Amino acid sequence: MNINSLLYLMLSFLFISCSPTFYQPNNINTPMLKEEKQIRIGGSFGNSNNLNLEIAVAPINHLGLIGTFSTFNPDKNEEGEGGNGKINEGGIGYFNNFYKNFIIDAYGIYGKGNVKNYFINRSIQNMSKLNANIERFGLQGSIGYSSKYFEINQSFRYIKLNYYDIKGN
């Protein structure tokens, strides 16, 4: 690596670390459905005041329906900068059991929501706003192991995220 490449890399980290968060991905809904007529409900509450509620149902064997509601509302910093966002998401997919306790699944997902950000515009020394609606669609899946005592899985998600109706000052 030459000196110019190293300098460019160091500068890119400097600018990336100073940017506000306009979007934060939510948890992946991985229900690990096993059989028809099964319903799974879950949720989480974590850092930055984020809430994630999930539901999944298997109306027939090998067909899964999932739904997720997520909200993100971190505390404002000492200068009053902050923001929030939410998204509703749904999906339809396939699940299957193999080798007794192993489960594999894949879902097509679609979601809509919005983001709002408040930050100080240093060039005019004024509080600025940026609001936008978001739409995303993609593919997610997981492979896992389920026993009487615990469940574990590994998941992935590929998302195409679109911003629209962007407004700000």
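# Notebook: strands, turns and charged pairs

**Entry 1: the opening hairpins.** I began with strand S1 (residues 38-46) and strand S2 (residues 50-60), which run antiparallel and are joined by nine bridges. I kept in mind that this is a predicted model. To see one rung of that pairing, I looked up Ile39 and found that its bridge partner in S2 is Val57.

Next I followed S2 onward. S2 also pairs with strand S3 (residues 63-72), again in the antiparallel sense and over nine bridges. Here I picked Ala56, whose bridge partner in S3 is Ile66. S2 and S3 make a hairpin with two residues between them. In that turn I noted His62, with a positive phi of about 75 degrees.

**Entry 2: the whole chain.** I then stepped back to get my bearings. How many helices and strands does the protein chain have? I counted one helix and seven strands. Along the sequence they follow the pattern α-β-β-β-β-β-β-β, so the helix comes before the strands.

I also looked at contacts and surface. Among the contacts with a separation of 6 or more, 56% are between residues 24 or more positions apart. The chain has 169 residues, and 26% of them are buried. Its accessible surface comes to about 11100 Å², with 59% of that belonging to carbon and sulfur atoms.

**Entry 3: a nonpolar patch.** Back to Ile39, which lies in strand S1. Is Ile39 buried or exposed? Ile39 has a relative accessible area of 56%, and it counts as exposed because that value is over 50%. I found that Ile39 has company: together with Ile41 and Ile55 it forms a nonpolar patch on the surface. The accessible area of the three together is about 330 Å².

A reminder to myself: in a regular strand the side chains alternate between the two faces of the sheet.

**Entry 4: two buried polar residues.** I moved to Ser70, found in strand S3. Its relative accessible area is 5%, so Ser70 counts as buried, being under the 20% cut-off. What does the side chain of Ser70 meet in a polar contact? I found the side chain of Asn26, at 3.0 Å. Leaving out residues up to four places away in sequence, Ser70 touches Asn26, Leu51, Asn52, Gly85, Lys86 and Ile87.

Then I checked Asn114, which sits in strand S5 (residues 102-121). At 19% relative accessibility, Asn114 still counts as buried, because the cut-off is under 20%. With the same four-place rule in sequence, the residues that Asn114 touches are Asn84, Gly85, Lys86, Ala132, Asn133 and Ile134. I was pleased to spot Gly85 and Lys86 among the contacts of both Ser70 and Asn114.

**Entry 5: positive phi angles.** Most residues other than glycine have a negative phi. With that in mind, I wrote down two further residues. Lys37 is not a glycine, yet has a positive phi of about 65 degrees. Lys37 lies in the loop between helix H1 (3-17) and S1. With a relative accessible area of 69%, Lys37 is exposed.

Asp165 is not a glycine either, and its phi is positive at about 50 degrees. Where does Asp165 lie? I located Asp165 in strand S7 (residues 151-168). Its relative accessible area is 45%, and Asp165 is therefore partly exposed, in between the 20% and 50% cut-offs.

**Entry 6: salt bridges.** Side chains of opposite charge can pair when their charged atoms come close. Searching the whole structure, I found two salt bridges.

One salt bridge joins the side chains of Glu151 and Arg40, at 3.0 Å from N to O. This pair links distant parts of the chain, with Glu151 in strand S7 and Arg40 in strand S1, 111 residues apart. Glu151 is partly exposed at 35% relative accessibility, and Arg40 is partly exposed as well, with a relative accessible area of 26%.

Another salt bridge joins Arg136 and Glu89, whose closest N and O atoms are 2.5 Å apart. Arg136 lies in strand S6 (residues 126-146) and Glu89 in strand S4 (residues 82-98), so this pair ties together parts that are 47 residues apart in sequence. I asked myself whether these partners are buried or exposed. Both Arg136 and Glu89 turned out to be buried.

Technical notes
Residues numbered from 1 in each chain as written. Predicted model: local features only at pLDDT ≥ 70, side-chain atom pairs only at ≥ 80, totals over all residues. Heavy atoms only, no water. Pairing = 2+ DSSP bridges. Helix = DSSP H or I, 4+ residues; strand = E, 2+ residues; numbered from the N terminus. Patch = residues over 30% accessible without salt bridge, like charges linked within 9 Å, V, L, I, M, F, W, Y side chains within 5 Å. Areas by Shrake-Rupley, 256 points an atom, 1.4 Å probe, with all protein chains shown as cover. Salt bridge = Lys/Arg side-chain N within 4 Å of Asp/Glu carboxyl O. Buried < 20%, exposed > 50% of the residue type's maximum accessible area, 1.4 Å probe, protein only. Contact = heavy atoms within 4.5 Å. Polar contact = N/O pair within 3.5 Å; in protein donor to acceptor, adjacent residues only side chain to side chain.
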